[in-house]
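Biologist: Could you take a close look at one part of this model for me, the cavity and what surrounds it? Please spell out your cut-offs as you go.

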Amino acid sequence: MGKFAVIFMFFISLLNAKEYLSYSVGYLIESSKLEHPLIDHNPSVENYAYQFNSVYLTQNYVILSELKYYPHQNFAKGFQQDGYRFESTLENISAYAQAGLKKYVVPYTYFIPTLGLRYAINDSTYKISAQNYKKSSHKEEFDMPLDINFGYSLTPTSDILFGFNIDEDLTDLKTHDYQEYMLKYYVSFKNNITLNCFYNKISKYNPDNAKQTTDQYAFTLGLRF
């Protein structure tokens, strides 16, 4: 229960922070591919998700948060070497918030490490059609991602960030089975409309030498406050 209390208090502090720049909602499109030694043919699969995010930009720090919902995510499709067809799907909802202090290197260009909290609920189904085999699982995840970002202030209310993940879980700094690179662009217009664009590339590995590579493109539109 302790970790859930931390998440709750963290999000409450974000919602009550003054001068939030924008709230926006939009759509996420992703392309993912699974590579495994036992799989002969495994094409890329396309998925979509709904995304809500908030952005708070100041001269000295950044607070970002997002909520994503995958109604039906195709994790993988393909054929094993023996001809059996398999399919893996995932229903996922996740909440993520991160915050960090800006350290300016040169005017308008800054370095910003961010510490985050992520909570996710996954309901997955794995089946092999030829064997009439089906397995379902429910999993909850709690992570504390540590990211390094480099930003450039286009205007007082518009920034572009490039970042990469240092470690997905701070409890194990020696883990190297997760890599993430991200590019985020925030722009606000004079009529208080804000447009946020995101690109994430994620690679995951497991002990069975399976590799999942995902490219995510998200676009959200909202209001600046």
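Modeller: Here is the cavity first, then the salt bridges.

A word on the ground rules: this is a predicted model, so local features need pLDDT of at least 70, side-chain atom pairs count only at pLDDT 80 or more, and totals for chains, interfaces and linings use all residues. Residues are numbered from 1 along each chain as its sequence is written, and side-chain values use heavy atoms, with hydrogens and water left out.

The protein chain has 1 helix and 13 strands, taken as DSSP runs numbered from the N terminus (helices H or I, at least four residues; strands E, at least two). Of its 225 residues, 42% count as buried, where buried is under 20% relative accessible area, exposed is over 50% and partly exposed is in between, with a 1.4 Å probe and protein chains only.

Now the cavity. On a 1 Å grid over the protein atoms alone, a cavity is a set of points where a 1.4 Å probe fits but cannot get out, and lining residues have an atom within 4 Å of a point. Grid points are joined across faces, edges and corners, and the volume is the space filled by probe spheres set on the points. That gives 1 cavity of 30 Å³ or more, with a volume of about 70 Å³. Its lining includes Asn53, Leu64, Glu66, Tyr96, Lys184 and Phe198. Strands β3 (45-57), β4 (61-80), β5 (85-101) and β11 (178-188) each give two or more residues to that lining. By class the lining has 6 nonpolar, 4 polar and 2 charged residues; Ala, Val, Leu, Ile, Met, Phe, Trp, Tyr, Cys and Pro count as nonpolar, Asp, Glu, Lys and Arg as charged, and the others, Gly among them, as polar.

Glu66 from the lining also forms a salt bridge with Lys68, the closest N and O atoms being 3.9 Å apart. The rule there is a side-chain nitrogen of Lys or Arg within 4 Å of a carboxyl oxygen of Asp or Glu. Glu66 is buried at 16% relative accessibility, and Lys68 is buried at 11%.

The structure holds 3 salt bridges. Another pairs Lys102 with Asp159 at 3.5 Å, N to O. Lys102 sits in the loop between β5 and β6 (103-106) and Asp159 in β10 (158-167), so the pair ties together parts 57 residues apart in sequence. Asp159 is buried at 1% relative accessibility, and Lys102 is buried at 12%.

Definitions and conventions
1 Å grid on protein atoms, 1.4 Å probe; cavity = no way out; pocket = protein on both sides within 12 Å on 5 of 7 lines; lining within 4 Å.
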